[in-house]
Structure formats: structure tokens, C-alpha cells
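Biologist: Can you walk me through this one before I get back to the bench? Plain answers will do.

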Amino acid sequence: LSPSAVEQRKGVTYFGVDVLPEGSVPPWRVHRRYADFSLLHEELFLLGPRASYKEAPFPQKLFFQCTGERLEARRRGLELWLQHTLRHPESRCKWRRPLRDFL
């Protein structure tokens, strides 16, 4: 989630996720809202085990406008959480399909 890949579209923030697959498949970028990350987090939670990490907690929902440093903190939190999730052993098992659909 590069800071330069954050976009505003009609008042909605999208985070660009650069996907760097293994092998000879070329990379691509997807844009996801915070709500998309939150849905993924909930789906993985339901599949178990919890996709929650002490060193990379999922960023909380904010009820006020998220701009500036708050937006950057959210971006960093989502990036850290997603990196931990992709390294988790379940990312190759139970979580594989939802992660593939997300990316």
C-alpha cells in the first residue's frame, strides 16, 4: 500500500494495493476502500483462526473524516495487517479464496 497509491474518488478514499505474485505472473494494482479491508477481516475471522496480530492490529473504524496524518496512519496499519495476513499459514489454506478475491 504505497502512500502515492491513495486516491480520492467522489469523496471516497481508495488504497492502492500492489500485488507482486510469485513466478512469472506480472504484478498488478487493485484499489480497495477501508470497508473492503474490514469485510475481508471479518470473513477471515469467521473462517478462523483470528486474523488479529498483536504487532499489527486491524485499524479501527473512524467516525470522523480521515485525512492527513490520520489517513497515513490508517494506510500504514492496513498495510501492516495485510502483510501479516499474507504471511500467516492459513493464507495458503482456509483464507486462500477470500484473499485471492480481494487481490
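Modeller: What follows is a short run through the fold, one helix pair and two backbone details.

Modeller: This is a predicted model, where local features need pLDDT of at least 70, side-chain atom pairs count only at pLDDT 80 or more, and totals for chains, interfaces and linings use all residues. Residues are numbered from 1 along each chain as its sequence is written, and side-chain values use heavy atoms, with hydrogens and water left out.

Biologist: How many helices and strands does the chain have?

Modeller: It has 3 helices and 3 strands, in the order β-β-β-α-α-α along the sequence. Helices (H or I, at least four residues) and strands (E, at least two) are DSSP runs, numbered from the N terminus.

Biologist: What is the radius of gyration of the chain?

Modeller: The chain has 14 Å, which agrees with the value near 13 Å for a compact globule of 103 residues. That radius is taken over C-alpha atoms, and the globule rule is 2.2 Å times the number of residues to the power 0.38.

Biologist: And what share of the residues is buried?

Modeller: 37% of the 103 residues count as buried. Buried means under 20% relative accessible area, exposed over 50%, and partly exposed in between (1.4 Å probe, protein chains only).

Biologist: Switching to the helices. At what angle do helix 1 and helix 2 cross?

Modeller: Roughly 35°, with the axes of helix 1 (residues 34–47) and helix 2 (residues 68–87) coming within 12 Å. Axes are lines fitted to C-alpha atoms, for helices over the stretch in contact, and angles run from 0 to 180 degrees between N-to-C directions.

Biologist: Which residues meet there?

Modeller: Tyr34, Phe37, Leu40, His41 and Leu44 in helix 1 meet Arg74, Leu78, Trp81, Leu82 and Thr85 in helix 2. Contact means heavy atoms within 4.5 Å. The residues of this contact divide into 7 nonpolar, 2 polar and 1 charged. Here Ala, Val, Leu, Ile, Met, Phe, Trp, Tyr, Cys and Pro count as nonpolar, Asp, Glu, Lys and Arg as charged, and the others, Gly among them, as polar.

Biologist: Now the loops. Is the peptide bond from Gly48 to Pro49 cis or trans?

Modeller: The bond is cis, with omega near -15°. Pro49 is found in the loop between helix 1 and helix 2.

Biologist: What about phi of Lys10?

Modeller: Phi of Lys10 is near 50°, a positive value in a residue other than glycine. Most residues other than glycine have a negative phi, and most peptide bonds are trans.

Biologist: Where does Lys10 lie, and is Lys10 buried or exposed?

Modeller: Lys10 lies in the loop between strand 1 (6–9) and strand 2 (12–19). Lys10 counts as exposed because its relative accessibility is 87%.
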